[in-house]
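Let's take a walk through this one together. Have the sequence and the 3D view open, and follow along from the overall layout down to single residues.

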Amino acid sequence: MIELAASARKGPGATNPRLHALAAQQEARDRALEGDATRFQRQIDDAGTLLRGVPRRS
């Protein structure tokens, strides 16, 4: 799952920032399940950064 999420974030083309954030969030979840707190925090921070400035849906 981690490889799939990482690949989704690094794929070619302009992808919706929400999708990148979702992939980062999934990667963070899997890191947490592995017990890797440092990488979990990095991925959660990345997801938050990706969502900043993206308009909220109504």
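A quick word on terms before we start: helices here are DSSP runs of H or I, at least four residues long, numbered from the N terminus. With that in hand, you can find glutamate 27, which sits in helix α2. We'll come back to that residue once the setting is clear.

What you're looking at is a predicted model, so how confident is the predictor, on the whole? The mean pLDDT of the protein is 83, and 78% of its residues reach 70 or more. Confidence isn't even along the chain, though: helix α1 (residues 2-10) has the lowest, with a mean of 68, while α3 has the highest, at 93.

Now for the overall plan. The protein has three helices and zero strands, and reading along the sequence gives you the pattern α-α-α. Of the 58 residues in the protein, 22% are buried. As for how the chain meets itself, take the contacts between residues at least 6 apart in sequence: 51% of those join residues at least 24 apart.

Next, zoom in on a pair of helices. Two packed helices are described by the angle between their axes and the distance between the axes. Here the pair is helix α2 (residues 17-34) and helix α3 (residues 37-51), whose axes come within 8 Å and cross at roughly 165°. That angle makes α2 roughly antiparallel to α3, since anything over 145 degrees counts that way. The crossing of α2 past α3 is left-handed.

Who does the touching? From α2, the contact is made by Pro17, Arg18, His20, Ala21, Ala24, Gln25, Glu27, Ala28, Arg31 and Ala32, and from α3 by Arg39, Phe40, Gln43, Ile44, Ala47, Leu50 and Leu51. Sort the residues of this contact by character and you get 10 nonpolar, three polar and four charged.

Back to glutamate 27, then: buried or exposed? This residue counts as buried because its relative accessibility is 7%, and the cut-off for buried is under 20%. Glutamate 27 and alanine 47 are 20 residues apart in sequence, yet 9.7 Å apart in space, C-alpha to C-alpha.

Over on helix α3 you'll find glutamine 43. Its relative accessible area is 8%, so glutamine 43 is buried. Look across from there to arginine 31: the two are 12 residues apart in sequence and 8.5 Å apart in space, going C-alpha to C-alpha.

For a contrasting case, stay on helix α3 and find threonine 38. Threonine 38 is exposed, because its relative accessible area is 56%, and over 50% counts as exposed. Threonine 38 and alanine 28 are 10 residues apart in sequence, with 9.7 Å between them in space, C-alpha to C-alpha.

Conventions: Residues are numbered from 1 along each chain as its sequence is written. This is a predicted model: local features need pLDDT of at least 70, side-chain atom pairs count only at pLDDT 80 or more; totals for chains, interfaces and linings use all residues. Side-chain values use heavy atoms; hydrogens and water are left out. Axes are lines fitted to C-alpha atoms, for helices over the stretch in contact, and angles run from 0 to 180 degrees between N-to-C directions. Helices (H or I, at least four residues) and strands (E, at least two) are DSSP runs, numbered from the N terminus. Angles under 35 degrees count as roughly parallel, over 145 as roughly antiparallel, 65 to 115 as roughly perpendicular and the rest as oblique. A crossing is left-handed if the near helix is turned anticlockwise from the far one by less than a right angle, and right-handed if clockwise. Contact means heavy atoms within 4.5 Å. Ala, Val, Leu, Ile, Met, Phe, Trp, Tyr, Cys and Pro count as nonpolar, Asp, Glu, Lys and Arg as charged, and the others, Gly among them, as polar. pLDDT is the predictor's confidence in each residue, from 0 to 100. Buried means under 20% relative accessible area, exposed over 50%, partly exposed in between (1.4 Å probe, protein chains only).
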